[in-house]
Amino acid sequence: MNIRALRLFVEIMDRLTLSRASEKLNISQPAASRLIRLLEEELGEPLFTRERKRLHPTPEAEALMPEAVRILQSIDNLPAVLAQSRSNEIAPLRILCLPRIVDGLVLPVLGRVHQEEPTRRFNVDVCPRREFGRRLLYGGYDVGVSSLPIPVEGLETRRLARAVLQVMVPRRNPLADREKLTIADLRTEQYIALNRHSAIRTAVDAALLRDGQGLEVTHEVSTSDVAYWFVRNGMGFTFADPASVTPEIRRDVALVPCTLDVGFEIAFFLPKAEKTHSSLEPFVGHLVELSRSRYQDSGLS
């Protein structure tokens with residue numbers, strides 16, 4: 001199989017235009033068209049249909065994509081594998097996680113694992129949710145930690161806990177002293193919402209719709225860190241995963257339970273592999289233990 005054609009196929013699947021894919025690989029468009037045609041002939045299946053200058057993948061292309069990515073990932077990793085073999089170095093445990101989860105969950109777990117065995121090595125790759133599914137698909141990791149759902153099938157998924165969101169308000173806000181808040185309590189406050197691509201915003205919007213309630217968004221931000229900064233500076237309230245709030249932030253804010261039952265599942269994912277990393281078992285053990293201590297509802301499955 002032509003490796004160059006396979007790389008071009010993956011680029012087209014990502015970009016859905018032949019021009020951008022060929023430009024990325026520094027191939028002329030006629031040459032790129034020939035490579036895809038040869039790949040289709042070799043596979044005996046059509047991979048794309050064309051409509052309004054855009055390429056649309058066929059079901060056969062969708063089925064091929066994960067395997068193509070794995071093949072290319074294995075080829076690209078060969079030099080590093082050989083170099084590591086020559087140097088007798090222990091490979092780092094490769095961890096893929098979301099920004100919101102890294103501070104409150106992944107980093108404390110790594111601290112515990114390192115304390116037990118300081119010679120262990122880690123490679124932590126933090127990526128936004130919109131890229132997380134693709135990175136899982138591309139491989140090159142030993143364990144992924146994220147909220148559910150994810151748009152990737154065929155992974156070993158193990159549930160850690162259900163994260164119940166709470167309302168974060170400035171410490172000096174009168175609402176900070178309440179035992180529980182209702183949506184009616186929040187309507188007079190400025191709502192700092194995450195953007196619509198985030199797991200928290202999706203969960204909050206679904207819960208509001210289910211209960212027939214609504215909140216007017218005052219500020220919209222792309223990350224929890226920015227939302228927390230807004231709250232600390234007295235600019236309103238937001239919904240937060242308590243485990244993601246660091247001690248430094250907790251000094252200036254209050255987390256108050258809400259009558260709106262809103263939350264999402266936290267899980268970790270394991271790729272298909274014949275042999276697991278030697279540091280995976282202690283990492284997972286501490287991940288499960290810390291999840292149980294930080295979330296009331298947890299249950300590994």
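**Salt bridges and exposure**

Trainee: Why is Arg94 called partly exposed?

Mentor: Arg94 has a relative accessible area of 29%. Buried means under 20%, exposed means over 50%, and partly exposed lies in between (1.4 Å probe, protein chains only). The value of Arg94 therefore falls in the middle class. This is a predicted model in which local features need pLDDT of at least 70 and side-chain atom pairs count only at pLDDT 80 or more, while totals for chains, interfaces and linings use all residues. Residues are numbered from 1 along each chain as its sequence is written, and side-chain values use heavy atoms, with hydrogens and water left out.

Trainee: What makes Asp142 buried?

Mentor: Its relative accessible area is 14%, and the limit for buried is under 20%, so Asp142 qualifies.

Trainee: How do you know that Asp142 and Arg94 form a salt bridge?

Mentor: The term requires a side-chain nitrogen of Lys or Arg within 4 Å of a carboxyl oxygen of Asp or Glu. In this pair the N to O distance is 3.2 Å, so the criterion is met. Asp142 lies in the loop between helix H6 and strand E5, and Arg94 in strand E3, so the bridge ties together parts 48 residues apart in sequence. Helices (H or I, at least four residues) and strands (E, at least two) are DSSP runs numbered from the N terminus.

Trainee: Why do Arg232 and Asp252 count as a salt bridge?

Mentor: Their closest N and O atoms are 2.9 Å apart, which therefore satisfies the limit. Arg232 belongs to helix H9, and Asp252 to the loop between helix H10 and E11.
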